[in-house]
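Trainee: I would like to go through the terms used for this structure. Please set each value against its cut-off.

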Amino acid sequence: MRFEPAVTSLLETDLYKFSMGQAIFHQFSDYKTTWTFKCRNKDVHFTSEMVEEIREQIKHYCNLRFTEDELTYLGGITWFKKSYIDFLRLWQPRYEEFVITDDAECGLSIEAGGTWLNTSMYEIPILAIVNEVYFRSAYNYDDLMESFRRRLNEKVNKIVSGEYNIGVFSEFGLRRRLSAKAQDLAVKTLADRSKEFPQNTRYVGTSNVYLAKKYNLAPVGTMAHEWIMCVGQGNHKHNPAYSNWYALDAWVKEYGILNGTALTDAITTDCFLRDFRLTYATLFSGVRHDSGDPFVWGDKMIKHYETLGIDAKSKTLLFSDSLDFERATKLNEYFSGRAKVAFGIGTYLSNDTDVPALNIVMKTTECNGMDVAKISDTPGKGMCKNPEYVEYLQRCIDWRMKH
């Protein structure tokens, strides 16, 4: 490797990978998935040297193992069970499950295939590796870190001064971080200076489990789109327009009333609301926004709770889509007093420099040999290799919404 390891611990992933992982382990251990990398930036190219460094970094990641100290920490989180912790004691990433080539328009192609138990765990570390290798290779990294440090201090100072009023927020930036060093600096700075924040702003934690452990913060996160897509569309007998019902049902079987923030936009929020009826709306502590107009979405969710006779003030609206402190302030002030409001803020905290961040994703594109897709509230955020399947999924959703 030309650079220091980008990922040094198997805890260095988002909490929801473990939350979903336990439910996969107990209910869907035989499911198989394929994950595909995509760079959405049209002006970005990965050189052959970058691709080779990414291979070496992934090999290093695949040699990592959980330590007993890390497993003890995970075991201390309320909803994790001993059976899953014992599984993690044996678990290891497998380099043999990756195909990494330069056969793509951007110069980098990554695909991973195997059991869902394995491949789900790869997404976040791989994206972190790709980001760090790219920015260390394509730019003067010291200059980037200097601009990152300057911008971070400026935005934190604006919280302290009261210019930003964002209520409860967490750091969600692992997958698109500039580097491990940059994210560490962001999380530590927020933790150290949170005591200076006004009473109306509270920093609660990070999705990065490794950094949550390191800085004694709350690890944050529940489920991702892959959960709804694979549970709802991986079984060939299921009507995919009911993906949310299958996913919510399986989640409640695993966690009951614990660890419950439902993601609404895997196959559009309107379709989600058909299944988010009284039982699930009561059991889940809140809902997460990840696409579409957040103000329209929040109003819609509050109205839905009220229609069900549930006090929306008892539920959390978690916003996590392309946020910065200014946008979070506007949302917090708009929904204040109408519901609990929280924010998961990613790239703005982990990769805000003088150059644009990458827009890269790694999504599940097949489950059990069948295409899977999401149709979010923002056109173009989905990713599927088969346009015919997307059309089929849309027809299923349309039929259900009309009947």
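Trainee: Why does Cys396 count as buried or exposed, whichever it is?

Mentor: Cys396 has 13% relative accessibility. Buried means under 20% relative accessible area, exposed means over 50%, and partly exposed lies in between, with a 1.4 Å probe and protein chains only. Cys396 is therefore buried. Bear in mind that this is a predicted model, in which local features need pLDDT of at least 70 and side-chain atom pairs count only at pLDDT 80 or more, while totals for chains, interfaces and linings use all residues. Residues are numbered from 1 along each chain as its sequence is written, and side-chain values use heavy atoms, with hydrogens and water left out.

Trainee: What is the class of Cys384, and why?

Mentor: Cys384 is partly exposed, because its relative accessibility is 23%.

Trainee: How many disulfides does a search of the whole structure find?

Mentor: Zero. A disulfide is a pair of cysteine sulfur atoms within 2.5 Å. For Cys384, the closest cysteine sulfur is in Cys230, 12 Å away, so it is too far for a bond. Cys396 is in no disulfide either; its nearest cysteine sulfur, in Cys271, is 9.7 Å away.

Trainee: Which residues of helix H4 are buried?

Mentor: In H4 (residues 82–90) they are Tyr84, Ile85, Phe87 and Leu88. A helix here is a DSSP run of H or I with at least four residues, a strand is a run of E with at least two, and both are numbered from the N terminus.

Trainee: What puts those residues on the same side of H4?

Mentor: The arc they cover around the axis is only 155°, so they lie on the same side of H4. The arc is that of the directions from the helix axis to the C-beta atoms. The face turned away from the buried side of H4 carries the exposed residues Lys82 and Leu90. Cover for the buried residues of H4 includes helices H1 (15–27), H3 (68–75) and H5 (116–119).

Trainee: Where does Gln92 lie, and why is Gln92 called partly exposed?

Mentor: Gln92 lies in the loop between H4 and E2. Gln92 is called partly exposed because its relative accessibility is 35%.

Trainee: What joins the side chains of Gln92 and Arg65?

Mentor: A polar contact of 3.4 Å joins them. The term requires a pair of N or O atoms within 3.5 Å; within protein, one must be able to donate a hydrogen and the other to accept it, and residues adjacent in sequence count only if both atoms are side-chain atoms. The side chains of Thr201 and Asn200 are joined by a polar contact of 3.5 Å.

Trainee: Why does Thr201 count as buried?

Mentor: Thr201 counts as buried because its relative accessibility is 6%. Thr201 is in strand E5 (residues 201–206).

Trainee: What makes E2 and E12 stand at the edges of their sheet?

Mentor: The open sheet has five strands in the order E2-E3-E1-E11-E12, with antiparallel pairing. E2 and E12 (370–371) each have a single partner strand, so one side of each is left without a neighbour in the sheet. Two strands pair if DSSP finds at least two bridges between them. E2 and E3 (residues 109–115) have four bridges, and E11 (residues 360–367) and E12 have two.

Technical notes
Contact means heavy atoms within 4.5 Å.
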